[in-house]
Structure formats: C-alpha cells, structure tokens
Amino acid sequence: MKPLAARQPRERMQVRTDSLRPRGEYHTMGAWNDRFATNRGEWELLHKRCSMNTQRTDLPVQGMSCAACARRVEQGLTDLSGVATAHVNFATARATVHYDPEQVGLGQLVEQVQRVGYRVTGTAEAEFTLEDRSPTDRTVEAAIADLVKRPGVVRTVIDETKHQIRVEYLPEMVDAGGLIEQLVAAGVRVTPQDDDHQVVSTEDAQQAEQEREYRQLRRKFWIAMILSGPLVVIAMSHGAIPFLDFPGVEWVQFALTTPVMLYCGAQFFRGAWSAFRQRAADMNTLIAVGTGTAYVYSTAATIAPGYFARAMGHAMHHGETPMVPVYFEAASMIIALILLGKMLEARAKGRTGEAIRRLIGLQPRTARVIREGVEQDVPIQTVRQGDMVLVRPGEKIPVDGLIQHGSSAVDESMLTGESLPVDKTVGDTVYGATLNRSGAFRFVATQVGRDTVLQQIIRLVRDAQGSQAPIARQADVISGIFTPIVICIAIATFVVWFVAAPVEIRLTAALVNFVSVLIIACPCALGLATPTAIMVGTGRGAEHGVLIKSGEALETAHQLQVIVLDKTGTITRGQPALTDLFPFQGDESQLLHLAASAERGSEHPLGEALVRAAQERLMKLDEPESFQALAGHGIEASVSGRTVLLGNRRLMQERQVPLTTAAQERAGEWAEAGKTPMYVAADGQLLGLLAVADPVKPESEQAIAALQAMGLEVVMITGDNHRTAAAVAEQVGITRVLAEVLPEGKVGQIRQLQAEGKTVAMVGDGINDAPALAQAQVGIAIGTGTDVAMEAADITLIRGDLRAVVTAIALSRATLRTIRQNLFWAFVYNATGIPVAAGVLYPFWGIMLSPIFASVAMSLSSVSVVTNSLRLRRFSPPVTVS
C-alpha cells in the first residue's frame, strides 16, 4: 500500500488559470463559449478566485434551520472584501470559504457569521507564557501579526499583565505544536499552558452540539405536547363534553398556549427576527408568522369577543356572551409537531456524519514516545516529526513512520480493506490508526497531525461531503426565493378567502388557510435533498476504500459510458514476475537457481523478477564472478565456473547455441500469450526456457465483467506492443484495445473517445497517467500509484483492487438515484401541498386542510428526505472486495 502519505498538504491554495478549463473540453473554442454562456456566474467566481492569493477554510456553523439560512450565511460571507467564494452546506452545517488572508482574516469571517445571526463552533484555545520578553516587544507584535495570517488561526490576544498569549484556532487546520514552532521560528520563546489538554476535534464538537440540540428539542417537544393535549380535546369536543364547555374556557386555552409560544416556540421567533433584521425570510419566518397569527388572533378574540362577533356578522343580543372561534390548539399543536419533526430530523442528520466520526475514532488518543531515554505516554496531538514511538502487541499505531527496530504483522484493514495482516520490518512504513497484531517495534514519526494518511482520508471525505453537486444548484436557487414566494401565496390566499367566502365565515376561513399555507411549505426538504445523500454516499464510499473528492465527481460518475483502463499497474500487477519454467536438462529448481544467480547483479526488471522468484522459493543464490549486460540481447555471466547466457533468440544465435524446434515453438507460444521468453544456456548448451510477464491481477477479470454488466464499454490503453496488449485483453475479456500509445498520446485517445460523444472515465496509477486522468470527465486513481496521479484524479481508490471501480460507479448511481427521489418528493410535496392548504379543493369536494395536519405534513417531509438518504448506509458493493 502506498496511499497518500507522501503528499504534503498545501497551506495556500494556488489556483492555476488552467483550472478554469472545463474537464474534458479542450478541442473547440465553441465549447468554451457555450460553457461560459450557460455558467457565467460560476466562471466569474472562478475568475475572482484566480485573481487572489486564496486559501481555504471550513467553518462549522450552528443555528441554521433551513436552506434559506445557509444562503444567508453564504451571502454574508461573500459580502466581505477579500472573500472569493463561499458555500454553506446545510446538511453538514459547514461553510467552505476561499479568501485572501491579506485582505480579510479568519476572525472576521467568524464575526461575520455571528453578525448574520449564527455561530461558529469547534474552535480551540491555546495559552502560551512568554519567556524573557516584554509583551510590548516589536518582535512579539510582528510574530503575532504573522500568526493571525496562518490558516486556521481565528484570533490572538496578548495579556500584558500575565505575559501570556491566547490563540483561538481551528484544530482541523492547525495544532498547538504548529503554533509554538511558528512563534519560536519568529524569535519568540513561549511555554504552553496545560500541555496535557485534550483538543476536541471539530466533529466531536459538532456531535456534542447536535446532542445538546437534540436534548433541548426533546424537552421542548414534551412540554409543548403535554400542554397541547388538553387544548386539542377542548377544541375537538365542540361543546359535547359539558365540563369542558364553560364560560371562560378560552382563558384556560390562552394560559396553556402562552408557555408553548414563549418557551417552546421561542427559537422560531428569534430566528424570524434575525432573518427580518437581515431583510430576509426563512422557514422560521413561515412558522413564526403562521403560529403568531393564530395566537394573536385567538388572544384578541378572547379579550374582545364582541368585536370579532360583529365583524363576522353575528347578531348580538343584550347580555349574551358571544361565541367566537379561537385557534389556540392550532398554534400550540403546530409548535409541538414541528418540534417533533425537528427532533427526528436532528437525530437522522446526526447519523449522516457517522462515517467521518468512525474514521476519527480509529486514531488512538495517546502515543508512547521515548524522549531523553524515558518512555512516556503523551496526547497524540503532541507527537512531533522525529519522535521515537514504541508500539506493543495489540496496540494501535498512533502516527505514520518508519520502523527502526523490531518487526511485526500489522492489520491495515481499517485503511485498505485488506483482510490479511502485512508483515513489517526495519525500513518499512507503518500508518497511523492501523493495528499492531504481534511483535513490538519502535519507529520514527515521519507524518504527524493532519499530515497522516488517516487525516488526509478524513480531509478528502470532509471536502467531498461539503461540496455541491450540479444537480443541487437549481434546488438551491429555488429554496433561496421559496419563502418570499410562499408568503405572497399565503397573503393572496387570505385575500381571496376573505373576499369570496360568506361573511359569517370569511375571517376564520381566510385565517385558517393563511396559516395552513405558511405551515405546510417546507424549504427544508429542498435544502436537505442533495447534501444528505452526498454525505452518506461519500462516507459509505470511504468505508469501502473509495475516496470521492467532490459532489460533481459523484454526479458525473453515474453518467459514464466508457471506462479506459491503463494496463500496467491497473489491470496487471505492474511488476514483472516469473510465470513459466521449461528445463531441457536438470529440473526447474536447478534452472531457476542458475538463471537467478547470473541475474543477481542485474538492475533490469526482468532479471529482478527472476531473483525475486528464487528468493520466494528460499534459494541461496551464488555470487557471479563476472557480469555483463548485453543491450537488446540479455546478459552474460560467470557462475561457479560456468559461462551463462540468458536472453533472447538473437543472443543464442550470435553465440551459436543450438536451438531445438521444441524450444522455439514453446518460446513462440509464450510470446503469443504476451509473455517474454528467455533462453538459458551454459557453456554453449541450451539448458531451458524461462518466461516473465506482468501478471494480471486475479480480480481484474471479475471487475471488468462487472463493469460490462453495468452497460459500460471497457477500453484498455497501453504503451506495449499489439501482441502483448491483445493477449492481456483476451485474458480479462476486453475487446477494444489501444496499444503502443505513448504517455503523451493517452490524452489524445481520451479526447477522441469524447469526440464520439461519450462520457469517459480514465483509471490509472502512474505519473504518465496524470494528464489523461485530468482530461477525462472522471479520473480514477489507483491508491497504490503515484501521488501525482491521485492529485489529478476525481476519485481515489485506497487499494489497488479494480473491483473498487465497480463500487465507485455503483455507489454514484445509488447516490444520484437517492438525490432524484429526494428532489422529486420535495418538489411534488410543495407543489401539491401548498395548493391544497390554500383551499383549491374546497369548491369541488369541500376539503379544507387544518393547520395541525399541515404541520404534520411539513415535519414528515424533511424527515422523509433524510431517512431516504440514510438508506444509502445499507449500500453494498456489487462485487466483493477482499
């Protein structure tokens, strides 16, 4: 395994101008113009990013109740000078911001979020004591000024009385150790306070906030439900229950409803007021206006029933107490049911982020390091590069590193999915979060903190979950203007009913339908439809070793028509291996021993394959007395006093070694099968034949068959000759082969396939595959390959198993199917529910929707979308990856 360990995180994101190129569109200027005409806003944002030296940050935002809230946070952030782009994901409650640190600081971003009515959570605080320096020293001030510009630092405060520096930062972007290193590098010596302090991760902080929110919603729901129960009984009795029909019963209803409105429903009114201050409207506005209207009307009717009775056209007799309908039970029960929906939604949304929490949970909390000859357990956040770390049997490896002493078998299944433990010895790389099965060993930490393989995987998954799929853009636009439109429809409904209904019922009918329209409308379902599915889908992919970098890649993958597979390292193992032995004298072991001994000093891949085969059979090889590589022919060596020739037929002919007809026929058969035959001769006599080939991975044929069963055309591309390529293709069931393609020619072949009108994915693992990976609509990098290939790819497979490609495409299809179901339900629900609530069915069938039933429907709509997305947690790969 060689995952992402060597790749260093980029502190600043330099956006290249060539990133403006739409993926897969190189050929015509018309494609550029068409793309620009249809996506002008997107291009303007990208151009804005390119004109800045931007860096990225992800802010956990709490307090959002619907997609309109997310739009308001987005707008507030983009209004800041220096912010290039901002995207807020309602489902993940995260704001992804690209900004210029020279123009705006992270602290200003946090303050802006708070200014629009929300809060940023998940920050940590570190305190450092200054050593031998005055806090007014210019060196300290300069160091603090530079520290504030560091990615992840929110703000810094100097306490002059205590000679301390307090730093607020985001733990997922920077750790306390990095802050100390920067201060020391600037000439400021500091001592950290409370070194054993455990920093809470952003995900842990978000989970704690979600649990707190859930408990609060549950408490308010039960209070509202207990108080609403008697109200519903009173309202539904219609005077049939004598002891509930008494003068002043309206005041009892008022007393029961008021705590529900002022306490249980306070969050909706605060949210509506916050939105109003920003000249905006959201779901809170609909709930607050709807329930507030019912409550205020009912209260007024209770205080002055005579006025409303006359307004409704009721004749009033002297001494008679007017009976005016009130809707306390509607206002109270609506609050209770919406709280129930929010409670269920919060619980379901919390489960969509379990994938990342499970990944984080893999990492141990502490590490046993040896410092100054003393073993000590320290928090994992304090482990530094170069630390000597001790791992005992049964313990998890805390960080990435190189073994210096000892050996063991390490279970890497939590990262790679490989079920068998991997043997590790001195010089081998170990990865954080993997499990040490047997022996104890010591290793030097090489990658710590956010640079470990595990943290890079977490970062990729988090970025993908925070990204936006193109299919979501239309829903976001609609949800942004949804609330004002609903308010207009509700007002129109009130006016129509007040004008058209009979005088005696016009006020109550207009009021009921007005409230029903406001309550049934649900922008939440639209806002949750896409991000919840992407969260669960990308998280499930990570659990199966498939890292999807963006929602766009996830969406495009389901549209694929052609899969182009690089041969070497993708279909095959990428390492030559001995496949056949055919001795003419002696046995196979003697033939291999002589050939491998002769090749012992060779650096040619074919010679190394023979040496590896002999070592796997535990052969003790002889040291050649002499060795000479014969370019284009083979080698000549002296082994145990014998002159050994090893190479092709031309070498045998030049040295006049007699070749039998059987030998030449066998060599021809092997060559036709895509293998490289090698003749072995000693002292002028032919001893036998060897064949070396790059063997096909055992799972490749199954994976390719599965891709073809999914309706995809599979194409193999390689630089090998046609005969070798055809042999491999036949072995795995591929019918279309692009052979003898140079690295620079792979891009042209991908373009040619795209010119045929096909959506193309490229699967590769080498540096020479990177341009083709970038050219394809979807680039898929094998995790055992190079970091350059992974950087250019949209999807990374942690392990080198081609069946993971099948998993990625199947998961993409399942996720997009779920998104479409969610959007369909959200659109259909609102498109049908709002007219029904407005009373369009009343003239035909006499049906009017109660505000209480409207609140039930609204709550179920968002819960059903999240629940449907959670079904992706049951996704299983079409083919089993072992």
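What follows is a chat between a colleague and a modeller about some features of this structure.

Colleague: Before we start, what kind of model is this?

Modeller: It's a predicted model, where local features need pLDDT of at least 70, side-chain atom pairs count only at pLDDT 80 or more, and totals for chains, interfaces and linings use all residues. Residues are numbered from 1 along each chain as its sequence is written, and side-chain values use heavy atoms, with hydrogens and water left out.

Colleague: How many aromatic pairs are there?

Modeller: Rings of Phe, Tyr and Trp (its six-membered ring) pair if their centres lie within 6.5 Å; planes under 30 degrees apart count as stacked, over 60 as edge-to-face and the rest as tilted. By that rule the count is 13 aromatic pairs.

Colleague: What makes Tyr 295 and Phe 328 a pair, and what kind is it?

Modeller: Their ring centres are 6.1 Å apart and their planes stand at 70°, so the pair is edge-to-face. Tyr 295 lies in helix 10 (residues 283-303) and Phe 328 in helix 12 (residues 328-352), so the pair ties together parts that are 33 residues apart in sequence. Helices here are DSSP runs (H or I, at least four residues), as are strands (E, at least two), numbered from the N terminus.

Colleague: Is Tyr 295 buried or exposed, and how do you know?

Modeller: Buried means under 20% relative accessible area, exposed over 50%, partly exposed in between (1.4 Å probe, protein chains only). Tyr 295 has 15%, so it is buried, and Phe 328, at 0%, is buried too.

Colleague: Why is the pair of Phe 441 and Phe 443 called tilted?

Modeller: The centres of Phe 441 and Phe 443 are 6.1 Å apart and the planes are at 45°, so tilted is the word. Phe 441 counts as buried at 2% relative accessibility, and Phe 443 does at 0%.

Colleague: What puts Arg 666 over the ring of Phe 582?

Modeller: The rule asks for NZ of Lys or CZ of Arg within 6 Å of the ring centre and within 35 degrees of the ring normal. The charged end of Arg 666 sits 4.0 Å from the centre of the Phe 582 ring. Lys 220 lies over the face of Tyr 263, at 5.4 Å from the ring centre.

Colleague: Why is Ile 487 called partly exposed?

Modeller: Its relative accessibility is 24%, so it counts as partly exposed. Ile 487 lies in helix 16 (residues 471-500). Not counting residues up to four places away in sequence, Ile 487 touches Ala 281, Thr 285, Leu 286 and Leu 518, where contact means heavy atoms within 4.5 Å.
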